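Please open the structure in your viewer and keep the selection panel at hand. The stops below are to be taken in order.

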Amino acid sequence: MTMIGNIFGGRHSEFNMEKNVHFILGAPRSGTTWLQYSLNLHPQIFCTENRLFGGFAAMWPDNDGSQSLRITLDKYVQSHSQQVPVNAAGSTIEEYQGLLLTNMIKATVKTSRKISGKKYLIDKITPYVGTSNIVVEQIFKRFPHGKLVYLARDGRDVLTSGTFDWLKKNAEGTDRHRYFIMQEKNFSLRRFFDDEQITLWSKYWTEPYQAVANSEHEYLLIKYELMLDAYVDVLGSVLKYFGITFTAGQLGKCEQLSDYQIMSGGRVRGENSIAEKQRKGVAGDWSTYFTKRDGLLFQQLAGKQLQALGYVNGPEWIDSLPDTIDLKPLS
């Protein structure tokens with residue numbers, strides 16, 4: 001599904017954007033939408049999702065069974081420029097693409113400022129598989145004054161939430177689809193994941209963090225689990241890191257208006273709603289769905305990162321996992 005293109009070089013490829021443009025990076029299903037919603041409640045912040053970088057283009061499955069195009073801005077520029085007779089203008093395709101991408105990014109920033117009327121722009125990014133290195137490289141190259149916050153979440157919960165999110169997109173024929181979507185009578189679910197989903201979501205989870213951790217640039221690490229326990233403190237640390245002033249009253253308002261019950265349409269945190277974007281809003285839900293086979297595979301693919309981020313001390317967490325889960329038949 002992923003298609004990676006070259007990032008455009010040339011004499012126009014680097015530019016110093018104005019200050020007050022910052023970034024939030026994290027794996028999908030890590031709480032970035034929650035943080036985005038909260039930041040937009042601040043009177044001087046517009047937090048958006050521009051998908052500027054990654055060299056990605058693909059038809060993407062939607063929950064209603066249809067597909068829509070997902071394309072990053074740099075990939076669009078590359079595609080658009082293929083038929084432009086740049087030689088007649090005395091230029092090269094690389095120079096044309098670099099200048100066009102630069103101008104489109106500037107236009108995106110300018111438009112965001114105009115429609116929002118706000119001083120600070122924050123772009124949230126959850127990179128597509130295979131694109132994280134490009135995304136991080138281009139953020140720091142093109143926005144040298146920008147700051148980056150990385151939002152981490154336990155990868156086992158990311159896998160669980162992501163697998164639920166794709167129930168209506170690509171799970172047809174699997175046992176989890178039969179149980180949760182078709183709701184077949186007298187059908188017990190003994191394994192929620194499959195090897196394909198574990199492999200895919202381990203990439204979604206490990207690649208963004210590795211790209212940030214392996215870069216030479218400074219970033220602020222925050223955790224979803226701490227947001228659940230001390231939301232105001234975490235939000236305050238993010239604003240402080242970005243250099244944005246705030247009052248205690250503003251933080252309290254952000255917390256109140258971004259409460260899970262409001263964002264989920266009335267459900268309390270912990271109340272499950274299958275395939276909703278705000279599905280459950282808790283930490284540790286993975287333990288309901290992991291079998292020993294799942295744990296062994298995820299540990300193989302992402303165990304080092306689990307330990308590096310402090311979610312486990314070693315592989316011993318697998319020992320207590322059951323051979324099968326036991327979700328009873330629906331009646």
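The tour visits a strand, a helix and a loop.

This is a predicted model, in which local features need pLDDT of at least 70, side-chain atom pairs count only at pLDDT 80 or more, and totals for chains, interfaces and linings use all residues. Residues are numbered from 1 along each chain as its sequence is written, and side-chain values use heavy atoms, with hydrogens and water left out.

Select strand 6, residues 148-152. Helices (H or I, at least four residues) and strands (E, at least two) are DSSP runs, numbered from the N terminus. Five of the five residues in strand 6 are buried; buried means under 20% relative accessible area, with a 1.4 Å probe and protein chains only. Leu148, Tyr150 and Ala152 point one way, while Val149 and Leu151 point the other way. In a regular strand the side chains alternate between the two faces of the sheet.

Next, add strand 1 (residues 21-26), which runs parallel to strand 6 and is joined to it by four bridges. Two strands pair if DSSP finds at least two bridges between them. Gly26 has Leu151 as its bridge partner in strand 6. Then add strand 7 (residues 220-223), which pairs with strand 6 in the parallel sense, also over four bridges; there, Lys223 is the bridge partner of Ala152.

Move to helix 2 (residues 73-80), where Leu73, Asp74, Lys75, Val77 and Gln78 are buried. The buried residues of helix 2 pack against elements including strand 3 (57-61) and helix 3 (93-116).

Finally, select Thr174, in the loop between helix 6 (167-170) and helix 7 (175-181). Thr174 is buried, with a relative accessible area of 18%.

Methods: Buried means under 20% relative accessible area, exposed over 50%, partly exposed in between (1.4 Å probe, protein chains only). Contact means heavy atoms within 4.5 Å.
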